[in-house]
Amino acid sequence: MSIWTRMRNVFQGERLRQEIEEELESHVAEAVEHGRSEVEARRALGNTLRRREDSYSLRVTGWLDALREDVVFGWRQLKRNKVTSAAAVLSLALAMGACVSAFRLMDALLWRPLPVAHPDRLYALERGPSTPTSKPLVFGQWAYPNFELMREAAKGKAELLAVSNTERTDVTYVTDEETEKAYVQYVSGSMFDVFGLRPAQGRLFTAQDDRTPGAHPYAVLSYDYWKRRFGRDPKVVGKTVRLGERIFEIVGVGPETFTGTEPGTVTEIFLPTMMNRWVTRKDASWHRTLAIVNPGEPIEPLRAKMEAVSRRFERERLGGAVPKQMYESAATERVLIEPATSGASTMQQDYRNALMWLAVLVALVLLIACANVANLMTALATSRAREMALRVAIGAGRWRLIQMVLVESAMLAVLAAIGGAVFGWWSAPLVTRMISTPDYPARLILSPDWRVFGFGVALVVAVVLLFGLLPALRASAVRPVSALKGGEDTHTRRRALHGLIAVQVAFCFVVVFVAGLLVGTFRKLETRPLGFDASGLLLLETVSPHGQQPETWAQVGESLRAMPGVERVAESGWPLLSTGDWNGSISVNGGPASTDWGHFLTVSPGWLETMRLPLLAGRDFRQSDTFPGAAIVNETFVKQFLGGKEPLGAYFEKVNYLGPGQKCQIVGVVADAPYRWLREPILPVAFVPYREVDEKAVVQPESSGTFLVRMKDGDPQAMGAELRRKISHAGAGLRVSNVQTQQELLDAQIVRERLLAMLGFFFATVAVLLAGIGLYGVLNYTVLQRQKEIGIRIALGARGAKVMRLVAAEVVRMVTIGSIAGIVLGLGTARYVQSLLYGVKASDAAMLGIPVATIAIAVALAAVPAVRRALRVDPVEMLRAE
Amino acid sequence: MAKNDLQGTLDLLVLKTLSQVGEMHGYGIVAHIQRASDDLLRVEEGSLYPALHRMEQRGWIAADWALTETNRKAKYYKLTAAGRKRLQEEEKNFEHLVKGVRAILRYA
């Protein structure tokens, strides 16, 4: 009889026992047939039950049989307390699902290695400032000529690759009329080879495609894009696609699992770096540098070499015509080599901290849920005590009892895990959607794999141990005598419950505290005064490949103004808060070039009124104003560069290192407004006329700009398509590349804060709910346990307040202890969450007050039913029930 | 040998019985042992069935339900090939045991 038969017998216990009984019976019958008396025969055989069980235990796998029994018993226990079990399973399912979801997101964005050869040897080169400041500013963009020098220097030690950011670009397939958007990434030709990737169709780039700027008009599609856009059509190889002015031939499709090097976005079209228009510029930093380090190569000497090469490049580039301080900082800039096993992307940098904090919140909620379930198990122990005592009395080992309770816990955990898996499945893509903006949808590869499954299993085991082990140990330590007598050591059990309550309250406090900080941050950012009116403002980003005179742009603007529903129209280089930046050193009255940047933006006359940015002094631009020539500066500019001097009429110069400076006279002063980011302080900005002239006073054509359209009322989006068409049909060679509202730009800037606020609020609610339910359960249990005592006291004359104190005193003490612990914990963690906050401090009284108030309310609500029950105890009934 | 000492040799006796009578049920095995040893050996009936089931599990004997002469259902056991081999081993072991004990008893 093999192990399999023995295992199978476990589930056929009844039949097996019957068979053995039959055999024993037939033995007795045979004895009777041979003339012996039945009584004597049975006596000779011995205790039938004993014989049967001996044989039975021989034929089943012992441990499996015990397990089956425990499962059946546990199931019966759970069914007997349907409501509490359901509550426990649900709260656990929610918490576990959130855990799995958080894991999936973090894995997809931060941890999963890129599907390339040797991801453990993949690094990213970053630049850091020469003096480490409190917030190290790490910059990941490089200039291509610098990259070429570094690549040469690294030969033999590592392979260097250049990959640009994945940008959403206009592309046109020659067979289609429509211009569509695709995610384009410029990569080194050697990237596919170095990564060990094979094409799914056609061919991929090689090192040959890294030779000559502009001479390799080839494109490779990603498999994902090929499947979605072309339905895996093999005839796509050989087709052509137009980007801007250039035409590229599609030569192949990448492998199935490779979607670029930036987690959070999926590259759709790969182009060689040689085809990027910045590839020969020494002063433009536009791509990341990745390195595959040869096995066994030490990192530090490589880093030092790269740093030396980069510094030499910067020194040569700047020459001598820059302020000494700038030269110094460039010459001592540090190069860092960071591991990039899972790729490198801005989304990673932006969300790394946020996701970790969310994971912390989720973990705390899980612990609260586990504490709840542990409470439940401990409370159930009363009904289980007799059973346990009986088992101990007939010889069960301690481990056997522990196993019994653990099995019950495991059943709860498995049920919760199933619910949690469903919740986790659904919620991870939901969160991904929440961090998508219309311009930059986030795409994470959330495929289920063994990592998620392994995490899930580990989670179940951890959860079972967390809430099952202590009650199991406690329950198995029962002493049969006292249990069977009916009395039990209730004091230690109550202490355990109250201890758990304190822990729950402490964690709940931290969750609500952090959530309050995150929500406060979001509100502060959302309501940050902008200085201008962002509502009803439509932005049309427009390009003109051949460039048009500013007058043409103004004419098109006029034609837009004539359309119904339009109040004002203006042009600018780009919108405020679109993260675009144009900066330069400022020199006032021939003085030395400033070490701080001044920031510039080209605007047309009427832009100030369109934006509703108040003019504080001076005048708006006229049609005749040019740059260089006139400028309107903001208050911060006046404060920073002009000291206290009268701004109107003053001259300043924008210092250029590769040519003459551009001199401007200040003709107006405007109120402050954010320039690039909502989160940064106000920068000194000089608005200059859209009409630019060169040294010979020839008006320069403009190849890109943004029309700002203020709508009279109603939804600005609705007019978007019409305005776009109007511009295309104006016959001026202008084409709209993007339409959005100013409000959308603002919203996109606070996506992360909104996510944190929403999820923080959600988890805080769940935490308070769980803690409240747990508290209610414990108070209820306490009252039930002490009914006799309460009855006697009421009989002796205790009223209202005294009864309440009896029930609630200890619990209130626990809640207070928990709150204090929570405050300490919260303040301790505040230091680490500071980087995510804006405008709120952990030590704000309001921030500390919210969790205190919330918990106080929850405690009061949870206590009311229990206290009412205690007050209504009838002493006569109690004593009669004895 | 006293009844209790049969524990170790019960396997041997059962296997030998089955090799001699072919198929037999539990009661018959007990009866045969008693008869063949001239009433010197009496198997403790209580320990028989656990032993039979243990041996069945080890694969030395195989069992099947059948009808007795009196048309009653009973479980019949028979020897398997592995059981035959085991029987040979057990016989050899027993010979050694007896020889050894005799030698000690005779030692002067």
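**Entry 1: strand β15 of chain A**

I started with β15(A), residues 597–603, in this predicted model. I asked how many of its seven residues are buried. Six are, and I noted the strand as mostly covered.

Next I looked up its pairings. β14(A), residues 583–588, joins β15(A) through three bridges. Those two strands run antiparallel. I took one bridge as a marker: G584(A) has G598(A) as its partner in β15(A).

I then followed β15(A) to β20(A), residues 685–689. Five bridges join this pair, and the direction is parallel. Here my marker was V603(A), whose bridge partner in β20(A) is P689(A). So much for β15(A).

**Entry 2: strand β19 of chain A**

I moved on to β19(A), which spans residues 662–670. Why do I call it largely enclosed by the rest of the structure? Because seven of its nine residues are buried.

I went through the strands that bridge to β19(A), starting with β16(A), residues 615–618. Three bridges hold this entry in my list, and the strands run antiparallel. A617(A) is bridged to V669(A) of β19(A).

β17(A), residues 630–634, came next. In which sense does β17(A) pair with β19(A), parallel or antiparallel? I found the parallel sense, over five bridges. V633(A) has V669(A) as its bridge partner in β19(A). I had already written down V669(A) as the partner of A617(A).

Then I checked β18(A), residues 651–655. Four bridges join β18(A) to β19(A), running antiparallel. In this pair, E653(A) stands opposite K663(A) of β19(A).

A reminder to myself: strands of a sheet pair through backbone hydrogen bonds, in either a parallel or an antiparallel manner.

**Entry 3: the sheet in chain B**

I turned to chain B and found an open sheet of three strands. What is the strand order? I read β1-β3-β2, with antiparallel pairing. The edge strands are β1(B), residues 24–25, and β2(B), residues 61–67. Each of these two pairs on one side only.

I looked at the contact of β2(B) with β3(B), residues 73–79. Seven bridges join them, and they run antiparallel. As a marker I kept D64(B), bridged to Y76(B) in β3(B).

**Entry 4: where chain A meets chain B**

I went to the interface last. How many residues does each chain bring to the contact? Chain A brings 23 residues and chain B brings 19 residues. I noted a buried area of about 2,100 Å² between the two chains. Carbon and sulfur atoms give 49% of that area.

I then went through the polar side of the contact. The rule finds 15 residue pairs in polar contact across the interface, both residues at pLDDT 80 or more. It also finds six salt bridges between chain A and chain B. I looked one of them up: E23(A) with K75(B), whose closest N and O atoms are 3.8 Å apart.

Which elements of chain A supply at least two residues each to the side that touches chain B? I listed α2 (13–33), α3 (38–45) and α4 (48–59) of chain A. α2(A) gives the most, with 11 residues. By class, I counted nine nonpolar, four polar and 10 charged residues on the side of chain A that touches chain B.

Conventions:
Residues numbered from 1 in each chain as written. Chains lettered and ligands numbered in written order. Predicted model: local features only at pLDDT ≥ 70, side-chain atom pairs only at ≥ 80, totals over all residues. Heavy atoms only, no water. Contact = heavy atoms within 4.5 Å. Buried area = accessible area lost by both parts, 1.4 Å probe. Salt bridge = Lys/Arg side-chain N within 4 Å of Asp/Glu carboxyl O. Polar contact = N/O pair within 3.5 Å; in protein donor to acceptor, adjacent residues only side chain to side chain. Nonpolar A, V, L, I, M, F, W, Y, C, P; charged D, E, K, R; others polar. Pairing = 2+ DSSP bridges. Buried < 20%, exposed > 50% of the residue type's maximum accessible area, 1.4 Å probe, protein only.
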